[in-house]
Amino acid sequence: MSSKKNPPKLFKLKLKGNSMKPFLRDGDTAVCCKLGGGQRLWLGNVAAVMVKKNILVHRIIRVKEIDGQIRYKTKGDSRIDDDGWIDAKRVLGEVIRAGNNLHPSSRTAVVYSLFFSGIGKITRIISKIQPG
């Protein structure tokens with residue numbers, strides 16, 4: 001929790017690409033809140049994460065604990081494939097505001113994301129079945 005003595009540490013990122021369309025778009029500015037010790041993210045949160053020297057702003061689609069360490073699986077809302085498992089120490093912060101006025105972790109955004117995550121899996125299955 002933040003207080004007047006301990007305000008949240010915020011930072012901004014200029015977004016490139018459309019992997020989080022329609023909620024976040026190319027050129028949007030994301031306001032992120034750094035996580036403090038012991039804080040964690042939950043399914044549906046949007047986070048800024050470090051993956052192979054790149055900062056990605058993607059949605060948390062799975063959370064699990066492995067050997068006492070929290071790991072997250074992230075994915076762009078408009079992408080088919082996920083980013084793989086990411087250690088919590090590679091999470092830079094939670095996106096608390098960006099793009100349009102809809103909070104990227106709002107119920108509407110999460111339902112949309114989970115729906116289209118399923119569509120992506122169906123598309124992959126269909127493309128494997130169809131002769132090509």
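A residue is taken as exposed when its relative accessible area is over 50%, as buried when that area is under 20%, and as partly exposed in between. Aspartate 67, with a relative accessible area of 78%, is therefore exposed, and the same cut-offs are applied to the other residues described here. The structure under consideration is a predicted model.

The protein contains one helix and seven strands, and these elements follow one another along the sequence in the pattern β-β-β-β-β-β-β-α. Of its 132 residues, 33% are buried, while the accessible surface of the protein comes to about 8,800 Å², with 54% of that surface belonging to carbon and sulfur atoms. When contacts between residues at least 6 apart in sequence are considered, 50% of them join residues that are at least 24 apart.

The largest nonpolar core is made up of 12 residues, namely Phe11, Leu13, Leu15, Met20, Leu24, Ala30, Cys32, Val46, Ala48, Val57, Val95 and Ala98. At least two residues of this core are supplied by each of strand 1 (10-14), strand 2 (29-33), strand 3 (46-51) and strand 7 (91-98). Apart from this core lies another, which has nine residues, including Ala47, Val51, Ile70 and Val91. Cysteine 32, a member of the largest nonpolar core, is in contact with Lys9, Leu10, Phe11, Leu13, Ala48, Glu94, Val95 and Ile96, when its neighbours within four places in sequence are left aside.

Among the contacts of cysteine 32 is isoleucine 96, a residue of strand 7. Because its relative accessibility is 31%, isoleucine 96 counts as partly exposed. The C-alpha atom of isoleucine 96 is separated by 8.0 Å from that of valine 46, although the two residues are 50 residues apart along the chain. Valine 46 itself belongs to the largest nonpolar core.

Two further members of that core, methionine 20 and alanine 98, are approached by loop residues that are remote from them in sequence. Glycine 76, placed in the loop between strand 5 and strand 6, has a relative accessible area of 0% and is therefore buried. The C-alpha atoms of glycine 76 and methionine 20 are separated by 4.9 Å, with their positions 56 residues apart along the chain counted as the distance apart. Once residues up to four places away in sequence are set aside, glycine 76 touches Ser19, Met20 and His58. Arginine 25, for its part, lies in the loop between strand 1 and strand 2 and, at 38% relative accessibility, counts as partly exposed. A separation of 9.0 Å is found between the C-alpha atoms of arginine 25 and alanine 98, which are 73 residues apart along the chain. The contacts of arginine 25, leaving aside its neighbours within four places in sequence, are with Leu15, Gly17 and Asn18.

The loop between strand 5 and strand 6 (85-87) also holds aspartate 82, which counts as partly exposed because its relative accessibility is 34%. Aspartate 82 touches Ile61, Lys73, Thr74 and Lys75, not counting residues up to four places away in sequence. From histidine 58, aspartate 82 is 24 residues apart in sequence and 9.2 Å apart in space, C-alpha to C-alpha.

The second largest pocket has a volume of about 260 Å³. It is lined by 15 residues, of which Leu15, Lys16, Ile55, Leu56 and Val57 are the closest to its centre. Strand 1 and strand 4 (54-66) each supply at least two residues of this lining, and the largest share, four residues, comes from strand 4. By class, the lining comprises seven nonpolar, four polar and four charged residues. Leu15 and Val57 are also among the residues of the largest nonpolar core.

Backbone geometry draws attention to two loop positions. Most residues other than glycine have a negative phi. Lysine 52, by contrast, has a positive phi of about 50° although it is not a glycine, and its place is in the loop between strand 3 and strand 4. With a relative accessible area of 75%, lysine 52 is exposed. Aspartate 67 likewise has a positive phi, near 50°, in a residue other than glycine; this aspartate lies in the loop between strand 4 and strand 5 (69-75) and, as set out at the start, is exposed at 78% relative accessible area.

Definitions and conventions:
Residues numbered from 1 in each chain as written. Predicted model: local features only at pLDDT ≥ 70, side-chain atom pairs only at ≥ 80, totals over all residues. Heavy atoms only, no water. Core = buried A, V, L, I, M, F, W, Y, C linked by side-chain atoms within 4.5 Å. Buried < 20%, exposed > 50% of the residue type's maximum accessible area, 1.4 Å probe, protein only. Contact = heavy atoms within 4.5 Å. Areas by Shrake-Rupley, 256 points an atom, 1.4 Å probe, with all protein chains shown as cover. 1 Å grid on protein atoms, 1.4 Å probe; cavity = no way out; pocket = protein on both sides within 12 Å on 5 of 7 lines; lining within 4 Å. Points joined across faces, edges and corners; volume = space filled by probe spheres on them. Nonpolar A, V, L, I, M, F, W, Y, C, P; charged D, E, K, R; others polar.
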